[in-house]
Amino acid sequence: MQMRMRSSALAASVAMLAALSTAASAEDWKIGALFPLSGGLSVLGTEALAGSEIAVDMVNEKGGVNGQKVVLIKADATSPANATNEARRLVTREGVKFLTGTYGSSISLAIAAVGNQFKVPYWEGAAVSDELTQRGYGYVFRLNDNATAMAAGLVQAVDEIFAPKLGKEMKALKIAIIHEDSAFGTSIAKDFEAQIKEKGVALAALEPYAANTQDLSPLVLRLKELNPDVLVATQYFNDAVLLWRQARNASYKPKYFVAIGAGQSTPDYRKGVGEDAEGVLIADVPSAGVKADALVPEAAELQKEFIKRYKEKMGKDPASHSTRHFSAMHVLLTKVLPKAGSFDPDKIKAAVMALDEPIGSTILGFGIKFAPEGQNSRSFNVILQWQKGELVTVWPQRFATAAPIMVPLPDWAAK
Amino acid sequence: MGLSPAMADLLIASLLLGGLYVTVSIGLSLVFGVMRVMNFAHGEFVMLAMYAVYWVYEAVGIDPYVAGLVVVPAIFIICFTVLRPFVLWLVNSPPLVQVFATLGLSIALQNLALLLWAGNFRSIQTSYSNTLVDLATMRVPLTRLVAFTVAFLLVIGLHLFMKYSFFGKAVRATAQNRRTARLMGINVERIYILVFALGTSIAGLAGVLLMPIYSVHPGIGFQLALIAFVVVVLGGLGSLPGAVLGGLLIGFVEVCSGYFISPSMKQIVYFAVFIIVLVTRPAGLLGQRGAEEVGLK
């Protein structure tokens with residue numbers, strides 16, 4: 001009797017599982033969505049997924065893609081090894097024919113490799129490593145900015161904001177870059193070095209360091225001695241706060257400082273360094289929202305709707321990675337899949353390559369024109385600045401919500 | 001003084017950093033010296049204390065140092081009561097079991113912190129976060145000076161306590177020979193619990209001192225513990241003066257190599273120093289051979 005009860009319970013649970021996995025009917029658009037949902041990256045991974053989900057909900061409410069619903073098949077990708085396994089499982093066991101994600105460049109490379117192995121297209125939302133679209137996979141697409149675009153934002157900031165203020169040609173500037181030494185910081189620093197070299201500038205110093213360090217005082221002392229005209233920094237959060245605090249302790253303040261937005265563009269940074277954040281410039285996407293008149297009307301409308309829905313869903317304002325993912329998913333569902341008509345990789349590729357939309361047509365302000373290797377060439381970074389506790393856009397003119405202030409940075413305010 | 005300003009800056013920076021490392025390391029050294037237990041979860045107690053201070057500050061706005069007056073005794077009491085059976089079991093287990101038990105505890109606590117408070121970096125801005133103190137010709141951040149001073153006083157106090165108090169003598173007797181100590185009428189179990197609680201409270205104190213300086217996140221304890229292990233082994237396992245010397249030396253090597261060679265090289269350099277010391281003096285700078293058997297002197 002007990003035996004039979006157990007087996008019937010088993011049968012019931014198998015049936016339930018079967019019911020769950022067939023919740024997506026055969027005709028639905030089944031899209032694999034790989035994000036780090038547990039572990040150290042989970043906070044931002046979960047937010048990024050929420051961005052994608054909002055795009056899916058909005059499209060489904062309007063009847064789906066070509067009359068069929070879109071279903072996200074979610075998987076937890078916490079590390080490259082784990083991402084490989086989960087991507088394989090989605091493709092081989094769940095029958096997924098299209099993959100999206102993620103947060104973290106190394107995870108994204110792992111998913112793209114699986115996609116390549118099974119000839120399944122991969123649509124990347126937020127990872128920035130250049131390498132992703134340079135491996136020659138053929139069916140990897142990235143709508144948003146990569147490390148090259150981020151470095152380009154920095155270079156332009158130096159050229160157009162700092163050089164005129166210093167009354168020098170860019171060539172005559174003494175520029176130093178410090179960066180955390182993982183793939184993220186290194187690739188951006190290298191791109192930056194290569195791009196200013198094209199402008200005839202040699203770096204005065206290139207200083208890598210480990211992001212998990214507890215002390216940056218030797219670096220600060222070196223910078224104090226070198227005293228570059230412009231200091232550029234590619235940092236995560238903890239080291240970004242540490243640098244600014246220890247620079248204050250050493251009474252060293254770079255006059256011209258611009259960061260690349262991982263550490264400095266979070267509200268936690270403002271909290272961590274307090275008033276001292278004032279005036280810090282950051283190359284990033286305009287996470288706090290693009291001003292409406294810089295966008296085409298539909299994109300402006302979409303931005304409003306997204307911010308509203310995100311606040312309802314998550315109880316806070318969207319940050320840059322969730323906005324990137326919303327934008328990427330929305331473009332996929334409204335501009336790529338309807339034209340491609342199926343997940344056939346070549347039809348997808350043809351639909352992606354045919355896209356040609358001007359700057360301002362997505363909610364981050366990007367245009368859409370994919371280069372053959374799969375990177376959107378109309379993605380870029382703007383320059384943000386902390387002003388009175390808010391992140392505002394100060395450059396380029398079209399997107400600026402305020403004029404840059406405190407260039408050069410004044411000395412540390414007395415406490 | 002014939003010191004150039006940059007040299008003086010370097011010296012002070014390395015002293016302050018070394019002081020921090022000493023604070024994180026002495027509890028570990030104490031527990032090992034007496035109990036011969038390498039507590040891999042040591043850093044997690046630093047992390048938990050940082051979170052405790054952070055949340056008290058966020059919730060009621062109580063100053064981190066004041067909150068420390070509650071947090072540190074609370075850790076002591078928790079170790080003394082709740083963790084009592086665990087500590088007694090641990091000290092009587094074979095070394096391999098001790099390693100896995102404390103390492104397991106470390107991973108469990110890290111993930112608990114991740115579950116409860118997510119992976120965000122959290123920091124405190126107090127009115128004195130950016131205060132600089134004039135010291136001779138130098139300007140020194142107040143928070144780091146406090147950490148250094150407290151570490152300095154703590155080491156001296158602990159040393160005197162171990163050397164001259166009755167309890168300290170009982171602790172050293174237990175460390176030297178558990179069985180004989182018991183024959184002399186020392187309640188060995190009680191000593192173990194008290195030493196564990198003391199060592200862990202010192203970890204908590206380190207957390208309190210670090211919170212105004214650093215951001216807290218679930219992985220910070222592990223990062224700090226890695227340095228603490230280097231410090232303790234470099235100075236000599238179980239030797240308190242060794243932990244002080246080791247901490248100051250690592251601080252000095254880290255700052256100077258970061259300045260003169262490159263910030264990215266500093267870890268390589270201090271690990272190289274570590275290896276050289278271990279090759280020439282396997283027991284550490286002030287340790288003695290077989291310390292893992294003999295323990296604290």
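Modeller: Two strands count as paired if DSSP finds at least two bridges between them. The model here is predicted.

Biologist: What makes strand E8 and strand E9 of chain A a pair?

Modeller: Strand E8 (residues 230-234) and strand E9 (residues 256-260) of chain A share five bridges. The requirement is at least two, so E8 and E9 of chain A pair; the sense is parallel.

Biologist: Which residue in E9(A) is the bridge partner of A:Leu231?

Modeller: That partner is A:Phe257.

Biologist: Why do E7 and E12 of chain A stand at the edges?

Modeller: The open sheet runs E7-E6-E8-E9-E10-E11-E12 in chain A, with mixed pairing. E7 and strand E12 (390-395) each have a single partner strand, so one side of each lacks a neighbour in the sheet. From one strand to the next, the twist averages 25°.

Biologist: How does helix H5 of chain A run relative to E9(A)?

Modeller: Helix H5 (residues 147-166) of chain A runs at about 165° to E9(A). Angles are taken between N-to-C directions on a scale from 0 to 180 degrees, so about 165° puts the two directions close to opposite. H5 lies across several strands of chain A, among them E6, E8 and E9.

Biologist: What makes a residue of chain A count as in contact with chain B?

Modeller: The C-beta atoms, placed from the backbone, must lie within 7 Å. In chain A, 29 residues are in contact with 30 residues of chain B. H7(A) supplies the largest share of the chain A side, six residues. That side divides into ten nonpolar, ten polar and nine charged residues.

Conventions
Residues numbered from 1 in each chain as written. Chains lettered and ligands numbered in written order. Predicted model: local features only at pLDDT ≥ 70, side-chain atom pairs only at ≥ 80, totals over all residues. Helix = DSSP H or I, 4+ residues; strand = E, 2+ residues; numbered from the N terminus. Nonpolar A, V, L, I, M, F, W, Y, C, P; charged D, E, K, R; others polar.
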